[in-house]
Amino acid sequence: MSLDITAVEKGKPVEFKNPDLAFYEAVGGEEGMRQLMYNFYDKIYESDIAHFFPQDEDEFNEIKVKNTKFFIQICGGPKVYEDEAKGMDLNEYMVRLHDDFSIYEKSRIEWLGTMREALEELEGVDKTLVEDFWSYLENFSKLTVNTFSDGSTYYANL
Ligand code: HEM
């Protein structure tokens, strides 16, 4: 399975496609997605980017729940995140939500590396579907990077 990471380039347009509904079905729908995302967030809690997230357990759990809903909807499942996004396009809302944090390329690589670990633990999901899901994450995550090592910032518009 090739789950590679390509570098973000400040200001360079990012192209991505939402994940295939077949991935959502293959992981086992809402419940499968919940298990994948909770596993991911348990790993985030132990990662180098844990400090970005609330340390309070209840608040952290709330993020797990919202995150799971987002991924259910972005994969083409039921529109369970609709209300959170306040009518905005889901991806656009996500970019704006991440603007509140100073995210470096290094943070993105840690986030993706953590997600890769969770994806590698999935059983019985066709590798081409995992790669399709990865392609969305790998590309879209470039839009969450807004802070650069030379001290500059860049908030991409979709
Ligand atoms: C493919 C890329 C990414 C996607 C799709 C994504 C998705 C999400 C979602 C759905 C939420 C919950 C939103 C809500 O509260 O309703 C969230 C929150 C968050 N994400 Fe991401 N994320 C991505 C990349 C990253 C990266 C690279 C970082 C780097 C540190 C990051 C840090 C955070 C933080 C700090 C929060 C919110 C915590 C809080 O509300 O206190 N995310 N993300």
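**Exercise 1. Find which residues Ile-5 is in contact with, leaving aside its neighbours within four places in sequence.**

*Solution.* Leaving out those neighbours, the contacts of Ile-5 are Ile-109, Leu-112 and Glu-138. Keep in mind as you work that this is a predicted model. Next, place the residue: Ile-5 sits in the segment before helix 1, which covers 21-27. Then look across to Gly-113: 108 residues separate Ile-5 from Gly-113 in sequence, yet their C-alpha atoms are 8.8 Å apart in space. Finally, check exposure. Ile-5 has 15 other C-beta atoms within 10 Å. A buried residue would need 20 or more and an exposed one 12 or fewer, so Ile-5 counts as partly exposed.

**Exercise 2. Work out where Asn-18 lies and which residues Asn-18 touches, not counting those up to four places away in sequence.**

*Solution.* Start with the location: Asn-18 belongs to the segment before helix 1. With the sequence neighbours set aside, Asn-18 touches Ile-74 and Tyr-136. Now take a distance to Asp-99, which is 81 residues away along the chain: the two C-alpha atoms are separated by 21 Å. For exposure, count 15 other C-beta atoms within 10 Å of Asn-18, which makes this residue partly exposed.

**Exercise 3. Describe how helix 2 packs on helix 5.**

*Solution.* Two packed helices are described by the angle between their axes and the distance between the axes. For helix 2 (residues 29-45) and helix 5, the angle is about 135° and the axes are 9 Å apart. Roughly antiparallel would call for an angle over 145 degrees, so helix 2 and helix 5 are oblique to each other. The crossing of helix 2 with helix 5 is right-handed. Now list the residues that meet: helix 2 brings Leu-36, Asn-39, Phe-40, Lys-43 and Ile-44, while helix 5 brings Thr-114, Met-115, Glu-117 and Ala-118. Sorted by class, this contact of helix 2 with helix 5 holds five nonpolar, two polar and two charged residues.

**Exercise 4. Do the same for helix 5 and helix 6.**

*Solution.* Here the angle is about 165°, and the axes of helix 5 and helix 6 lie 11 Å apart. That angle makes helix 5 roughly antiparallel to helix 6. Helix 5 passes helix 6 in a right-handed crossing. From helix 5, the contact uses Leu-112, Met-115 and Leu-119; from helix 6, Val-130, Trp-134, Leu-137 and Glu-138. The contact of helix 5 with helix 6 therefore splits into six nonpolar, no polar and one charged residue.

**Exercise 5. Describe the shell of residues around the ligand.**

*Solution.* First, pick out the nearest: of the 21 residues around the ligand, these are Phe-52, Lys-66, Phe-70, Trp-111 and Ser-141. Second, ask which helices contribute. Helix 3 (57-74), helix 4 (90-98), helix 5 (105-120) and helix 6 (127-140) each supply at least two residues of the shell. Helix 3 gives the most, with four residues. Third, sort by class: the shell has 13 nonpolar, five polar and three charged residues.

**Exercise 6. Say what stands out in the backbone of Lys-86, and whether Lys-86 is buried or exposed.**

*Solution.* Recall that most residues other than glycine have a negative phi. Lys-86 is not a glycine, but its phi is positive, at about 50°. To place this residue, look in the loop between helix 3 and helix 4. With 7 other C-beta atoms within 10 Å, Lys-86 is exposed.

Methods. Residues numbered from 1 in each chain as written. Predicted model: local features only at pLDDT ≥ 70, side-chain atom pairs only at ≥ 80, totals over all residues. Near = placed C-beta within 6 Å. Axes fitted to C-alpha atoms, helices over the stretch in contact; angles between N-to-C directions. Parallel < 35°, antiparallel > 145°, perpendicular 65-115°, else oblique. Left-handed = near helix turned anticlockwise from the far one by under 90°. Contact = placed C-beta atoms within 7 Å.
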